[in-house]
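Reader: I have a model open on my screen and would like to learn how to read it. Could you walk me through some features, one at a time?

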Amino acid sequence: MIAKTKKIWMDGKFLDWDDANVHILTHTLQYGLGVFEGIRCYETKEGPAIFRLNEHIDRLFNSAHIFLIKIPYSRKEIKDAIIGTVRINKMKECYIRPFVYIGYGSMGLYPKDNPINVAIAVWSWGAYLGDKGIKEGIKVKTSSFIRNHVNASMSRGKVCGYYINSQLAKKEAISCGFDEALLLDTEGYVSEGSGENIFIVRNGALKTTPLTSILEGITRNSIIKIANDEGIKVTEERFTRDEVYISDEAFFTGTAAEVTPIRDVDGRAIGTGKSGKVTKMLQSLFFDIVKGKNKKYKFWLTKV
């Protein structure tokens, strides 16, 4: 269960957690078209700080734009509301969920003049794939479900309904005794996890899937930047799952997953079957950055 906080921001007002409700015939609830973000706020010595807030807000607005949803607030208003929601709930660390949805009104696929509503909630959320997974790595299964075709779902958008595909893959993986799923694209190349981007390491260099069939991950972008700054070669190109099998290391990235090592894929140990040297280094750098311990990347943090 989500640990309740005190207030949720809804359309310009702070409501008590239990009062933040919508009508059962809310259009997004019926048809799945809404856009959202997942953002993390970390505790630092200078107080709580939100990681790459501006980039998350830009992606939220981009997702809405792709799907012809006009957010009735400016970027600054959403930014101020996010900061305000963290502040009013007195959170030192939290997960932040801004959510843009089509409200109650006309039914049918075309929402006509239905209102566009916005809500922002925050709650405490630890390691998405578990503390043990962060330290020791997770077991991954290649899913029988493929990533949605790019011309069917437009992968740049972070859209509610897309995650039906992810849920199917995740449920299948867990039912088979794994921790997470790996989805292939419609041509059989590695795409991403159910809610994460993937990196592999071979001969000290990083490789990650290109943006042709994946969500443009902000943590993914951060790891590419950090790796480049550390002199690690990063290539964005397609690769197959058997290349994952023979990689030296592999890991997932994402706001929820942060940097999670992969120790096994489809019953095959990745490298030594433990978190590898490059993964550990990038993971350590990432956590130092988000917790405000690396001044070089201070510009990625927004103080609350």
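**A pocket, two cysteines and some residues**

Author: Happy to. Let us start with a pocket: the second largest one has a volume of about 260 Å³. Please keep in mind that this is a predicted model.

Reader: Which residues are closest to the centre of the second largest pocket?

Author: A pocket can be read through the residues that line it. Here 13 residues line the second largest pocket, and Glu55, Arg59, Asn62, Glu216 and Ile218 are the closest to its centre.

Reader: And which elements give two or more residues to that lining?

Author: Those are α2 and α7, the latter spanning 218–229. Helix α2 gives the most, with five residues.

Reader: How do the lining residues divide into nonpolar, polar and charged?

Author: Seven are charged, three are polar and three are nonpolar.

Reader: Now to the cysteines. How many disulfides does the structure hold?

Author: The general idea is to look at the distance between sulfur atoms: a disulfide needs two cysteine sulfurs within 2.5 Å. This structure holds zero disulfides.

Reader: Why is Cys41 not in a bond with Cys94?

Author: Because the sulfur of Cys41 is 4.5 Å from that of Cys94, its closest cysteine sulfur, and this is too far for a bond. Seen from the other side, Cys94 is in no disulfide either, and the nearest cysteine sulfur to it belongs to Cys41.

Reader: Is Cys41 buried or exposed?

Author: For burial, look at the relative accessible area: under 20% is buried and over 50% is exposed. Cys41 has 2% relative accessibility, so it counts as buried. Cys94 is buried as well, with a relative accessible area of 3%.

Reader: Next, the backbone. Which value of phi does Arg52 have?

Author: With phi, look at the sign and at the residue type. Phi of Arg52 is near 50°, a positive value in a residue other than glycine. Arg52 sits in the loop between β5 (47–51) and α2 (53–66), and it is buried, with a relative accessible area of 8%.

Reader: What about phi of Lys90?

Author: Lys90 is not a glycine, yet its phi is positive, at about 55°. You will find Lys90 in the loop that lies between α3 (75–88) and β6 (94–102). Its relative accessibility is 70%, so Lys90 counts as exposed.

Reader: Let me try contacts. With which residues is Leu53 in contact, leaving aside its neighbours within four places in sequence?

Author: Contacts can link residues that are apart in the sequence. Leu53, a residue of helix α2, is in contact with Ile39, Lys79, Ile82, Ile83 and Thr302 once those neighbours are set aside. Take Ile39: it is 14 residues from Leu53 in sequence, while their C-alpha atoms are 7.2 Å apart in space. Leu53 counts as buried, at 1% relative accessibility.

Reader: One last case, please: where is Thr279, and which residues does it touch beyond four places in sequence?

Author: Thr279 belongs to helix α9, residues 277–290. Not counting residues up to four places away, Thr279 touches Glu249, Ala250, Phe251 and Pro261. For Glu249 you can look at the side chains too: a polar contact of 2.7 Å joins the side chain of Thr279 to that of Glu249.

Reader: Is Thr279 buried or exposed?

Author: Thr279 counts as buried, at 0% relative accessibility.

Conventions:
Residues numbered from 1 in each chain as written. Predicted model: local features only at pLDDT ≥ 70, side-chain atom pairs only at ≥ 80, totals over all residues. Heavy atoms only, no water. Buried < 20%, exposed > 50% of the residue type's maximum accessible area, 1.4 Å probe, protein only. Helix = DSSP H or I, 4+ residues; strand = E, 2+ residues; numbered from the N terminus. Contact = heavy atoms within 4.5 Å. Polar contact = N/O pair within 3.5 Å; in protein donor to acceptor, adjacent residues only side chain to side chain. 1 Å grid on protein atoms, 1.4 Å probe; cavity = no way out; pocket = protein on both sides within 12 Å on 5 of 7 lines; lining within 4 Å. Points joined across faces, edges and corners; volume = space filled by probe spheres on them. Nonpolar A, V, L, I, M, F, W, Y, C, P; charged D, E, K, R; others polar.
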